[in-house]
Amino acid sequence: MNHCLNLKQIVLTVSLVASLGSTFSLSAQTLAQEPLLSKTVAVRPNLTFILDESLSMDWDCIYKQNSQNSFSPYRYGIAYSCLSDTYQTDTAPTLSNTDMRYASPENNQLMYDPRKYYTTGFSETGAPNPNSNAAWTSPGLSNGSVSISGSNHTGRAMYIAKSSFNVGTSTSASSLKNASNYNTYWIFNSGSYFGYKAAGDTTTTRNTTNYLPKPVGRTDCVANATRCTYTEELQNLRNWYTYHRTRLLAAKTGISIAFTGLPDSFRMNYATLGEITRSAMSVSKSNLGQPITTTPSHPYGRLTITATTSTHFANGSRI
C-alpha cells in the first residue's frame, strides 16, 4: 500500500518518554542515572529508539526531493526504484547505471561523492571501526570502464554536475538523467591513476594527479594542500562502500557516532520497524551492538511495532 511505501528513507525515530504511573509528564520526570545492568530492581528506559530495518533499508538510493519529483507520477513509489531493487513488483521503473538520477550523488544521496569525507563510525564496543580494505572486485565498488588511447581502464566513475546546470532545482527527467550535464571523475583500479571527462565531451584523460580540487569537507586529505592523493581517495571510497553504501549501513554508522558519546548511565527502549512479532526491549549503552548489527528483515511493521513500543511504556514493562 502506498501509505506504507511513501516513507522509504532512513527512519530514525527518537523520542523522550517519561512514565508516571498511568500518566505521562516530561516536566515532573527525573531521568535515572544508574546503568541498567547494575540495578538490583527492574527500571524503565530513558529513551525510545525505533530503527527502520525493513527490506528497503538494504537499497542504495535516497533521492533528493527535486530528483524524486522528476519521476512523476511515481513520486513516492520511486523510493523503490534503486538499481539493486528486486523486491517490489510495482510498475515504477528500475533505474540503470546510465541514469544520472541514480548514478550521481547530486541526485542520489547514497552514491559515492568525492567531495565528502566518509567516516568509519564505531563498533558495538565503542571502538572506532577500522578503515575498510574492500577489494576492487567487491560488487559495486567499481562501476564502469573507459577506453583511453586504445587501452581499457576500469574503476569508479563519479558524476558531478557542471556549474551551468541547476541540478539542485531541476525536475526535468530528461535533464537530470542526461550524462552530458555532468563532469565525470574517475579513480582507476590500477596504476594509481585518476581520469576526467568534461560534461558533453567524448574524451577521457588520465593522470596520477587528482583532477578534482580538494573539497573543503575532505579533512582526511592531508598529504597535499590542493588535491586528495590516490591513496586518500581510494580509502575514502572503500569506507563509503563498507559503512555508507546502503540506507541501513549509513543509518548504523550514524547511530554509532550519535550514541558513542553518551554516558554509561544512558538507557533506551529499542525496537525496529521490521520486527513485527518481537516485543520492544530495553537496552543499555553496553548493549549498543543490537542496533548497530541489525540486518534488513521484514518489509513493513511500522504500526505494529510503534504500538508495541507504546505499550512497553504504558504497562511499565521491565527487563
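The questions and answers below concern a predicted model.

Student: What does the protein chain average in pLDDT?
Tutor: Confidence varies along this predicted chain. Of the residues, 62% score at least 70. The protein chain's average pLDDT is 76.

Student: Over which residues from 1 onward does pLDDT stay under 50, and how many contacts beyond four places in sequence does the model have there?
Tutor: The stretch is residues 1–28, where pLDDT stays under 50. The model still places contacts there beyond four places in sequence. Their number is 67.

Student: How many contacts beyond near neighbours in sequence does the stretch 300–307 have?
Tutor: Here too the pLDDT is below 50. Setting near neighbours in sequence aside, the model gives residues 300–307 a contact count of 22.

Student: Which residues does the disulfide join?
Tutor: A pair of cysteine sulfur atoms must lie within 2.5 Å. One disulfide is counted by this rule. The S to S distance is 2.0 Å for Cys221 and Cys228.

Student: Why is the disulfide of Cys221 and Cys228 right-handed or left-handed?
Tutor: Look at the torsion about the S-S bond. For Cys221 and Cys228 it is about 100 degrees. The disulfide is therefore right-handed.

Student: Is Cys221 buried or exposed, and what of Cys228?
Tutor: Take both partners of the disulfide. Cys228 shares the state of Cys221. Both are buried.

Student: Is Ser170 buried or exposed?
Tutor: Ser170 sits in the loop between strand E4 (151–161) and helix H4 (173–176). Its relative accessibility is 15%. Buried means under 20%. So Ser170 counts as buried.

Student: Which residues is Ser170 in contact with, leaving aside neighbours within four places in sequence?
Tutor: Drop those neighbours first. The contacts of Ser170 are then Asn66, Phe165, Ser175 and Leu176.

Methods
Residues numbered from 1 in each chain as written. Predicted model: local features only at pLDDT ≥ 70, side-chain atom pairs only at ≥ 80, totals over all residues. Heavy atoms only, no water. Buried < 20%, exposed > 50% of the residue type's maximum accessible area, 1.4 Å probe, protein only. pLDDT = per-residue confidence, 0-100. Contact = heavy atoms within 4.5 Å. Helix = DSSP H or I, 4+ residues; strand = E, 2+ residues; numbered from the N terminus.
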